[in-house]
Amino acid sequence: MTPLLEVSGLSRRFGGLQAVRELSLSMARDEVLGLIGPNGAGKTTAFNLLSGFLAPDHGQIRFDGRSIVGLSPHAICHLGLCRTFQIVRPFPRLSVLDNVRVGALSRRPRMEDARHRAREVIEQVGLGGKMDHPAGGLTLAERKRLELARALATEPRLLLLDEVMAGLNPTEIEAIVALVKRINASGVAILLIEHNMRAVMSLSHRIAVLNFGEKIVEGEPTAVANHPRVIEAYLGEEYVHAPSR
Amino acid sequence: MKWLGAAALAVLLALPAVLSSYAVTVFIFIFFYAFLGQAWNIVGGYAGQLSAGHAAFVGVGAYAAALLSAQVGLTPWIGMLVGGVLAAALGTVVGYLGFRFGLRGFYFVLLTVAFAEVCRIVALNTDAVGGALGYYITFTGNPRQFQFQDNRVYYYVALGLMLVATAVVAAIERRRFGAYLIAIREDESACEALGVNTFRYKMLAMVVSSFLTGVGGTFYAFYLFSLQPNAVFGIPLSVEIVIRPIVGGAGTVLGPILGSFILSPLAEASRVYFGQGGWSGVHLIAYGILLIAVVLFLPQGAYPALRRLWARPAAR
């Protein structure tokens, strides 16, 4: 079976900054891949390249065997690759239902069908009680769920989650982790950028680490966490040889 | 709400029987500007693309219908569709340049103004369409030439235009097209991520909007019988088109109508009272003050504010 996502040699430069350098990734259809790395490592740039918001300088992106380089974000979404934004972007004056319906309309052009589907997804992410509230009035945790719901409503096969847990408290994070697990169990592959290590460790089947735009390590969560180059990237060289506790 | 609309419609249909000819004229302008505002509402109100050059579409439609009638003998009833199509063609060009190259906010405003100004200058310098002297239509009073002896016929035609445009906007709002336009106004990037082809829907909105506005050009030409480039392509007309839906509530079905019922009589009154003795144009100052007040106190316009007032006692 071909991988769901196959990235090779992906590069993008901003002026003098090589934001992403020769990035290669491969994802199976039911996988959760964590993408971690220090601030400025190029994680969000990688997301922007994969979702069509930025064009790569060079490199190949194959989604379900087909090249998606040069496609616009909406076309990529229709193929089944949907992303969320690190800084959530709800339509603030629209209700939760109307927000999610915009996503649902991409698969169900009839308003009634889309509304029906949106209701299901909103219940699924646990926002059922806020259906008719304007999105601008939601708490951060609720807005993160809304962001997730809107993306889910497009019925993706691969979901790109950009820091859906940032700014949440431990209880809220636990709830989102459970939610992401359920989404994955329903057959959606997930690529997630996350700074919360405990969440990434418990969610990811594999983890890839970026530093200065390059993938430095990739592998099982525990192996990655103890890898000297990862420790160096996060904490500095002097910690690499420090005695472990 | 439904019976209220039906009652209002019945009143408007019966009104000419009791109105003076002057009052009928005031209503004609209310309807006509509500129609233009409604057409603008599609791209400006719903899609949030602030075109400040909609006069260009009125002018193209007006000159097209007038010239086709005089030169080829084509009845303006068909000429108005031709004018609409030509205006839509211009709208396509403006929209393509603006949306393909991602002009947002003020840059899009400037682009639309620039196009209207180019149209105005071309018309001013083209002798075949009367140039700076303007283009005049001979009055025949022949209904087939979109000309009527009785002012009240214009009343019903303008009312019809307003109702058609309102029906179009109401239909758009109920469909995916409308839901997408509203979402595009709120956040374009988020729309793209959710599978919305923002370029296509903004273009569609522009085409429908400019077509309707161009159709309005025929009414303009055959109601006023004179086309002056400075008036029909001018920035003041573009402002008249934009300000009604903004005051009434941009992006709502009834906003442009409410805005026109507020502003058109105001413009007429200030024209009557300040028109002589070098005070003409004072209504523009009134517009400015009103616009500032609306932006400060009712940023979403009068109609949403009215709705809240209406809903509050009912909720208790």
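In the predicted model, the crossing of helices H3(B) and H9(B) is right-handed. Helix H3 of chain B spans residues 55–72 and helix H9 of chain B spans residues 198–224, and their axes come within 6 Å and cross at roughly 50°. An angle of roughly 50° lies outside the ranges that count as roughly parallel, roughly perpendicular or roughly antiparallel, and H3(B) and H9(B) are therefore oblique to each other. On the side of H3(B), the contact is made by B:Phe57, B:Val58, B:Gly59, B:Val60, B:Gly61, B:Ala62, B:Ala65 and B:Ala66. The residues that H9(B) brings to this contact include B:Gly214, B:Val215, B:Gly216 and B:Gly217, as well as B:Tyr220 and B:Ala221. By class, the contact of H3(B) with H9(B) holds 9 nonpolar and 8 polar residues, and no charged residues.

A second helix pair of chain B is formed by helix H12, residues 255–274, and helix H13, residues 282–297, which pack at an angle of about 140° with their axes 8 Å apart. The passage of H12(B) over H13(B) is again a right-handed crossing. From H12(B), the contact draws on B:Leu266, B:Ala267, B:Ser270, B:Arg271 and B:Phe274, while H13(B) contributes B:Val282, B:His283 and B:Ala286. Divided by class, the residues of the contact of H12(B) with H13(B) are 5 nonpolar, 2 polar and 1 charged.

Both helix pairs belong to a chain whose secondary structure consists of 14 helices and 2 strands. The radius of gyration of chain B is 19 Å, close to the 20 Å that the globule rule gives for 316 residues, so chain B is as compact as a globular protein of that length. Taken along the principal axes, the box filled by the C-alpha atoms of chain B has dimensions of roughly 55 × 45 × 40 Å.

Chain A, by comparison, has a secondary structure of 9 helices and 10 strands. Its radius of gyration is 18 Å, close to the 18 Å that the globule rule gives for 245 residues, so chain A is as compact as a globular protein of that length. The C-alpha atoms of chain A fill a box of roughly 60 × 40 × 40 Å along the principal axes.

Chain A is divided into domain 1, made up of residues 1–80 together with 157–245, and domain 2, covering residues 90–155. The C-alpha centres of domain 1 of chain A and domain 2 of chain A lie 25 Å apart, and the contact takes 10 residues from domain 1 and 10 residues from domain 2. On the side of domain 1 of chain A that touches domain 2 of chain A, helix H2 (73–79) and helix H6 (170–185) of chain A each supply at least two residues, and H6(A) gives the most, with 4 residues. By class, this side of domain 1 of chain A has 7 nonpolar, 2 polar and 1 charged residues.

Between the chains, 16 residues of chain B are in contact with 22 residues of chain A. Helix H7 (176–186) and helix H8 (188–193) of chain B each supply at least two residues of the side of chain B that touches chain A. That side of chain B comprises, by class, 8 nonpolar, 3 polar and 5 charged residues.

Terms used: Residues numbered from 1 in each chain as written. Chains lettered and ligands numbered in written order. Predicted model: local features only at pLDDT ≥ 70, side-chain atom pairs only at ≥ 80, totals over all residues. Contact = placed C-beta atoms within 7 Å. Nonpolar A, V, L, I, M, F, W, Y, C, P; charged D, E, K, R; others polar. Domains from an automatic or database assignment. Axes fitted to C-alpha atoms, helices over the stretch in contact; angles between N-to-C directions. Parallel < 35°, antiparallel > 145°, perpendicular 65-115°, else oblique. Left-handed = near helix turned anticlockwise from the far one by under 90°. Rg over C-alpha atoms; globule rule 2.2 N^0.38 Å.
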